[in-house]
Amino acid sequence: MALSTKHLLGIKDLTPQDITLILDTAKQFKEVLQRPVKKVPSLRDVTIVNLFYENSTRTRMSFELAEKRLSADTLNFAASSSSAAKGETLLDTVNNILSMKVDMVVMRHAASGAPHFLAKHINAAIVNAGDGINEHPTQALLDAFSMIEQHGTLQGLRVAICGDIMHSRVAMSNMYLLHKMGAEIMVAGPPTLIPKYLAQAMPVKITYNIAEALEWCDVANVLRIQLERQNLPLFSTLREYNLAYGVKKEQLEKLSKKITIMHPGPINRGVELDSEVADGNQSIILHQVENGVAVRMAVLYLLANREK
Ligand code: CP
């Protein structure tokens, strides 16, 4: 089996078969990662550049570790310490890197569509590691992997996506993936952080009441408030956001069932998620991070082998 696409630009472009193939392959790599020797020779002689124009902890380190576990050669590029800071364009930067015989590009950029633009101009396979407010496909894949580990299937699973939907590429990628794989979706948050077009664009339930979403769902994926993407205030204060929309231990204790708590990170503790919930026994946040390595190994492996 092979992926239907040369690049991973977004979940929007994947078929359900692609998603299943990536998740099944990730399961095999997760088994490899439990062994004393965690390294396989699958991508020996493949060179990958991690091109990060925006800050990252989890995604950048997870891709780098996935590449190392697959025996690929890796290059790391941080825009702030590169000639991009002197004005070099994205395309010039990438063409210069590719001229050094680099095979694949993993890319994070603040501009939505930046990896799609690059895909029109270069031959190397591109993996989108997050573009603006558009998509973060490997986050949605690792979220799906973690939900399946916890609940067995996505089919019919009730997933509430809570918080700053408007500025979240994680929300977009999760919604595309969950819909393709048969899950039910509810989004919950303040009216100012839920796009008005969403109900027309996606088959999702919408609520402005977090308690209603928590009572309805099997899994709550709580999103970070993305203050860096808000030019104008969209809610009064962080304290008031926490009071109205933050997920708290007392709320979970009142529910009729034990739900799973997820968060893509980084967490604004005491804003969208209280520490007791983030660190509590219903949280799988660190499992998500662990699963990210296996999922990224699967994506890189499948794209590299499609090229051969
Ligand atoms: N979840 C996520 O994308 O985290 P980073 O920004 O740290 O990569």
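Reader: Which residues are around the ligand?
Author: This is a predicted model. In it, the residues around the ligand are Ser56, Thr57, Arg58, Thr59, Arg108, His136, Gln139, Pro264 and Gly265. To be counted, a residue needs a heavy atom within 4 Å of the ligand.

Reader: What makes the pair of Arg108 and the ligand a polar contact?
Author: The cut-off is 3.5 Å between N or O atoms. A polar side-chain atom of Arg108 lies 2.9 Å from an oxygen atom of the ligand. That pair is therefore a polar contact.

Reader: What is the distance from a nitrogen atom of the ligand to a polar backbone atom of Pro264, and what is it for Gly265?
Author: For Pro264, it is 2.8 Å. For Gly265, it is 3.3 Å. Both values are within 3.5 Å, so both pairs count as polar contacts. Taken alone, the ligand exposes 250 Å², and the protein buries 91% of that.

Reader: Where does the ligand sit?
Author: In the largest pocket. To say that a molecule sits in a pocket, more than half of its atoms must lie within 2 Å of the pocket's grid points.

Reader: Why is His263 called buried?
Author: Its relative accessibility is 1%. Buried means under 20%. So His263 counts as buried. His263 is in the loop between strand E9 (260–262) and helix H11 (275–278).

Reader: Which residues does His263 touch, not counting those up to four places away in sequence?
Author: Asn221, Val222, Leu223, Arg224, Glu272, Leu273, Ile285 and Gln288. There is also a link to Gly265, one of the residues around the ligand. The backbone nitrogen of Gly265 lies 2.8 Å from a polar side-chain atom of His263.

Reader: How do you know whether Gln155 is buried or exposed?
Author: Its relative accessibility is 57%. Exposed means over 50%. Gln155 therefore counts as exposed. Its place is the loop between helix H5 (137–151) and strand E5 (158–162). Leaving out residues up to four places away in sequence, Gln155 touches Met181 and Gly182. Gln155 and Glu184 are 29 residues apart in sequence, and their C-alpha atoms are 8.1 Å apart in space.

Reader: Why is His7 called buried?
Author: Its relative accessible area is 12%. The limit is 20%, and 12% falls under it, so His7 is buried. His7 lies in the segment before helix H1 (16–33).

Reader: Which residues is His7 in contact with, leaving aside neighbours within four places in sequence?
Author: Ala119, Ala124, Ala125, Ile126 and Leu303. With Ile126 there is a polar contact too: the backbone nitrogen of Ile126 lies 2.9 Å from a polar side-chain atom of His7.

Methods. Residues are numbered from 1 along each chain as its sequence is written. This is a predicted model: local features need pLDDT of at least 70, side-chain atom pairs count only at pLDDT 80 or more; totals for chains, interfaces and linings use all residues. Side-chain values use heavy atoms; hydrogens and water are left out. Helices (H or I, at least four residues) and strands (E, at least two) are DSSP runs, numbered from the N terminus. Buried means under 20% relative accessible area, exposed over 50%, partly exposed in between (1.4 Å probe, protein chains only). A polar contact is a pair of N or O atoms within 3.5 Å; within protein, one must be able to donate a hydrogen and the other to accept it, and residues adjacent in sequence count only if both atoms are side-chain atoms. Contact means heavy atoms within 4.5 Å. Accessible areas come from the Shrake-Rupley method with a 1.4 Å probe; for residues, only the protein chains shown count as cover. On a 1 Å grid over the protein atoms alone, a cavity is a set of points where a 1.4 Å probe fits but cannot get out, and a pocket is an open set with protein on both sides within 12 Å along at least five of seven lines; lining residues have an atom within 4 Å of a point.
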